[in-house]
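Here is a quick walk through the model below. Have the sequence and the 3D view open side by side as you read.

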Amino acid sequence: MSANMVAVLYLISALMFIFALRGLSHPESSRLGNIFGIVGMIIAIITTLMFKSVLSYVEIGAAIIVGGAIGTFIALRIEMTALPQLVAAFHSLVGIAAVFVAAAAFYDPASFGIGKIGAIGKSSLIEMSIGTFIGAITFSGSILAFGKLQGTVSGKPIVFKFQHHINALILLFITFLIVIFCINQSPSIFWTIVFVSILLGFLVVIPIGGADMPVVVSMLNSYSGWAACGIGFTLSNNLLIITGALVGASGAILSYIMSKGMNRSIISVVLGGFGGEQAASNSDGNSDKIVKQGNAEDAAYIMKNADSVIIVPGYGMAVAQAQHALREMGDILKKEGINVRYAIHPVAGRMPGHMNVLLAEANVPYEEVLELDEINHDFPMTEVSFVIGANDVTNPAAKTDETSPIYGMPILDVERSQTVLFVKRSMATGYSGVDNELFYRDNTTMLFGDAKKMCEDIVKSLA
Amino acid sequence: MEAHSSEVFVIGLTVFFLACIIGYYVVWSVTPALHSPLMGVTNAISSVIIVGAILAAGPLGHDTSKIFGIIGVVLASVNIFGGFIVTYRMLSMFKKKPKKEQKDK
């Protein structure tokens, strides 16, 4: 196959990937988009297999089958609530794969046309080490993010003295290593870069706490793209450069949307350490205030007599696996002629769009699921807001209390509706550690209990 | 040789920036409801790095580079299959459901 033919086929593959992303602009076109993505990948792989230098079909075929079987098995078995950690785990694989490809190029530069061992071009070396560096950070950062999401590692931010200084020093050290590597091309320096970058990846994610995870997961998504880009530059492969840039841009935009949803700069999320420490400051004033409590029957009665209900789900719904029971409740209310809709805050859950997927899993039609901007002005005309597993994203203090750590964060205006039903396990504060004044309002009724059990009980009372 | 390699780099850079701009506009047009599938599919396509791994694994014989290549192919394949399948699973949940008896208004 001629070089031009390869370039054209790679271009087609890259276009397919662009269409794959483009398809996601609407649920109806999205499945076709996914097929474009698969076709693009098949074209890329077959084209590469046609290279003259590629001869060991048996080994490559076996490797694809083994990897493919593992991937298929995991993807088919995974619970939808565990998606965030699955995505984090997959990111780590992209990162480490990038490291291996860079290492392969370093040990056998001739196969990639970038020079001979010990005499690789300077620019190739720089590109290679940058790809390796980003890949290794993505790998270890994602593993730690996976651990935090899975619960094997504490989700609490771990902060220590001089954290940022240490990270900055390590970064400086890596830069120094890369310079040395470009001069002496020594394998030991290459592997030092790998290991120090892995260490840095851990240190970067360690201070970032549970609810900031949507930002971290999107950021690692972005890194995995830039790593692919770095490898693309090393191999002068436009397909890798284009795809890497698409993925990098996608992750960067998602990180931006997520941090905007929390009214925080990406920098402050990256530096981490948010949550927990402010807990004491705001909560003391409220300890003697009265909270109105209700049970499932009260909730059923209130909602049955309403015209419109907006359901506000949060991470707690995912934890309790309450989405199916919740949908059942919504269905009964709809049968009664009540207008039931769902309001999703951009940072609800542990990854971008987490709540939408869970509601879709429970067969909630996507037309009933609305974003913050689309639904926020409807709360004053709504009789009942049903908050389930969300907390900080409904806290009116974000609008009024300038001293609050969440001040300025866009919130769902549930307090403007006539009645707020708040399903919660206990009076504990949300992730930000800020007390929610909504609990003490006259129009709020607290429903204490497990989210799933509560929905089931309400369903029974409604029947 | 030196002039040639810098030319290649500039072409790569051109492609890179144009792709970033395309990515920017395409991703902003993604509906927020599908941000999770977006992560799934970007995950899958970023494994196009398998192209590099196949090149490394390609030659006959058994040197270090080839072993790294094979490992790379395995890892990237996990991601390609896993990423596309999990995206497919997510997207099929967003299918319009055939309405049962209750859609009376």
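## Starting from a glycine

In chain A, the loop between β4 (308-313) and α14 (315-320) is where you'll find A:G314. Keep in mind that this is a predicted model. Is A:G314 buried or exposed? With a relative accessibility of 2%, A:G314 falls under the 20% cut-off, so it counts as buried.

Who does A:G314 touch? Setting aside residues up to four places away in sequence, its contacts are A:A348, A:M355, A:I388, A:G389 and A:A390. Take A:G389 from that list: 75 residues separate A:G314 and A:G389 in sequence, yet their C-alpha atoms sit 4.5 Å apart in space.

## A second glycine

Now hop over to A:G115, which belongs to strand β1 (residues 115-116) of chain A. Its relative accessibility is 30%, and since partly exposed covers the range between 20% and 50%, that is the label A:G115 gets. If you ignore neighbours within four places in sequence, A:G115 is in contact with A:P109 and A:A110. A:I45 is 70 residues away from A:G115 in sequence, and here the C-alpha to C-alpha distance is 24 Å.

## Zooming out to chain A

What is the secondary structure of chain A? The count comes to 19 helices and 9 strands. For its 463 residues, the globule rule gives a radius of gyration of 23 Å; the value for chain A is 25 Å, close to that, so the chain is as compact as a globular protein of that length. The C-alpha trace spans about 75 × 50 × 35 Å along its principal axes.

Contacts in chain A reach a long way along the sequence: among those between residues at least 6 apart, 77% join residues at least 24 apart. As for charge, chain A carries 27 positive and 34 negative side chains, with 6 Å between the centres of the two sets.

How far can you trust the coordinates of chain A? The average pLDDT is 88, and 95% of the residues score at least 70. There is one stretch to watch, residues 275-285 of chain A, where pLDDT stays under 50. The model has 14 contacts beyond four places in sequence for that stretch. Where pLDDT is low, the predicted coordinates should not be read in detail.

## And chain B

Chain B has 4 helices and 0 strands, so to speak a plain α-α-α-α pattern when you read along the sequence. In chain B, 60% of the contacts with a separation of 6 or more come from residues 24 or more positions apart.

Which residues of helix α3 in chain B are buried? The helix runs over residues 50-57 and is mostly covered, with 8 of its 8 residues buried. By name, they are B:I50, B:V51, B:G52, B:A53, B:I54, B:L55, B:A56 and B:A57.

## The two chains in a table

Here are burial and exposed surface for each chain.

| Chain | Residues | Buried | Exposed area | Carbon and sulfur share of that area |
|---|---|---|---|---|
| Chain A | 463 residues | 59% | about 18000 Å² | 65% |
| Chain B | 105 residues | 55% | about 4700 Å² | 71% |

To come back to the start, A:G314 is a buried glycine, while A:G115 is a partly exposed one.

Conventions
Residues numbered from 1 in each chain as written. Chains lettered and ligands numbered in written order. Predicted model: local features only at pLDDT ≥ 70, side-chain atom pairs only at ≥ 80, totals over all residues. Heavy atoms only, no water. Helix = DSSP H or I, 4+ residues; strand = E, 2+ residues; numbered from the N terminus. Rg over C-alpha atoms; globule rule 2.2 N^0.38 Å. Buried < 20%, exposed > 50% of the residue type's maximum accessible area, 1.4 Å probe, protein only. Contact = heavy atoms within 4.5 Å. Areas by Shrake-Rupley, 256 points an atom, 1.4 Å probe, with all protein chains shown as cover. Lys, Arg positive; Asp, Glu negative; His and termini not counted. Charge placed at Lys NZ, Arg CZ, Asp CG, Glu CD. pLDDT = per-residue confidence, 0-100.
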